[in-house]
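Trainee: I would like to learn how to read a fold from its strands outward. Where should we begin?

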Amino acid sequence: MSILHTVNKSPFQKGDLSSCLAHANAEDAVLLIEDGVYGAIAGTDAANEIAAANTNIYVLGGDLAARGIASEKVAQGVNVIEYDGFVDLVTEHKAVNSWL
Amino acid sequence: MSDESIKKFMYMNRKAPYGTIYALEALEVVLIGAAFDQDVSLAFLDDGVFQLTEGQNTDGIGVKNFSPAFRALGDYDVNKLYVEKESLEARGLAESDLMELVWEDEDDDWAEKPSIKVVSRDELKAIMGDQDVIMSF
């Protein structure tokens, strides 16, 4: 059993992503949504933290597109999903934890 | 109430008490939720640890000091308050800077026991992974 974590704040403005990554278990999933998707951009401190985290990372494609972040800009190891994938993640995990 | 219907609820507190309304609202939700006989715990991490400091006095800011309400939690069988050690240390705080919160154990001749348990980040991570419901504030 595991937890789906969602992060909706930019890591360049707030520490929520760092804190979430530090508390995610290996079998958990972390989904970046809304301004949280900025954390998926390759070559940043946030991307390094994501790479170092031992958990599963996803980012919502619609929120990336809305912000003009092309999928080529997304760091390796981050899985781009759409709303149907979001729904799948919710059903696959025991609980959802929103890092507000 | 049968055991199957009891779920593990964690209320996660990550914000300081007076800058935003989150902390007060979280405490209100916990007090309301306490009526439902669930397995409730509270986690305090990041700036959330500031909610539990001893000696809060809001006279100078015209806002209600809601910290005494934490003392009521024990009477509602809410007696697992996990405080993250790393978050305390990063903010120059120690357990001795926090309010003394207790609950009375009816199975142990109503002995007063501490409600606050300082845990490491790894311990909190494991406790979090064990929850059925997490409400984050």
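Mentor: Begin with one strand pair, and keep in mind that this model is predicted. Strand β3 (residues 56-60) of chain A pairs with β4(A) in the parallel sense, over four bridges. Within chain A, A:Y58 stands opposite A:N79 in β4(A).

Trainee: What holds strands of a sheet together in general?

Mentor: Strands of a sheet pair through backbone hydrogen bonds, and the pairing is either parallel or antiparallel. Here five strands of chain A form an open sheet with parallel pairing, in the order β4-β3-β2-β1-β5.

Trainee: Which are the edge strands of chain A?

Mentor: They are β4 (78-81) and β5 of chain A, each of which pairs on one side only. Neighbouring strands of this sheet are turned by 25° against each other on average, direction ignored.

Trainee: In what order do the elements of chain A run from the N terminus on?

Mentor: The order is β-α-β-α-β-α-β-α-β, with four helices and five strands in chain A. Of the contacts in this chain between residues at least 6 apart in sequence, 68% join residues at least 24 apart.

Trainee: Why does the radius of gyration of chain A agree with a compact globule?

Mentor: The rule depends on chain length: with 100 residues, a compact globule would have a radius of gyration near 13 Å, and chain A has 12 Å, so the two agree. The C-alpha trace of chain A spans about 35 × 25 × 25 Å along its principal axes. Of its 100 residues, 37% count as buried.

Trainee: Which residues of helix α1 in chain A are buried?

Mentor: In α1 (residues 16-23) they are A:D16, A:L17, A:C20, A:L21 and A:H23. The buried residues of α1(A) pack against β1 (3-7), β2 (29-32), α2 (45-52) and β5 (95-99) of chain A, and also against α3 (121-129) of chain B.

Trainee: Which residues touch the most other members of the largest nonpolar core?

Mentor: That core has 55 residues, and the ones touching the most other members are A:V30, A:A40, A:V59, B:Y11, B:A43, B:F44 and B:V83. Leaving aside residues up to four places away in sequence, A:V30 touches eight positions by name: A:H5, A:V7, A:C20, A:L21, A:A24, A:T55, A:N56 and A:I57.

Trainee: How many residues of chain A are in contact with chain B?

Mentor: 14 residues of chain A are in contact with 14 residues of chain B. On the chain A side, β5(A) gives the largest share, four residues. By class, that side has five nonpolar, seven polar and two charged residues.

Definitions and conventions. Residues numbered from 1 in each chain as written. Chains lettered and ligands numbered in written order. Predicted model: local features only at pLDDT ≥ 70, side-chain atom pairs only at ≥ 80, totals over all residues. Buried ≥ 20, exposed ≤ 12 C-beta atoms within 10 Å, placed from the backbone. Helix = DSSP H or I, 4+ residues; strand = E, 2+ residues; numbered from the N terminus. Contact = placed C-beta atoms within 7 Å. Nonpolar A, V, L, I, M, F, W, Y, C, P; charged D, E, K, R; others polar. Core = buried A, V, L, I, M, F, W, Y, C linked by C-beta atoms within 7 Å. Rg over C-alpha atoms; globule rule 2.2 N^0.38 Å. Pairing = 2+ DSSP bridges. Axes fitted to C-alpha atoms, helices over the stretch in contact; angles between N-to-C directions.
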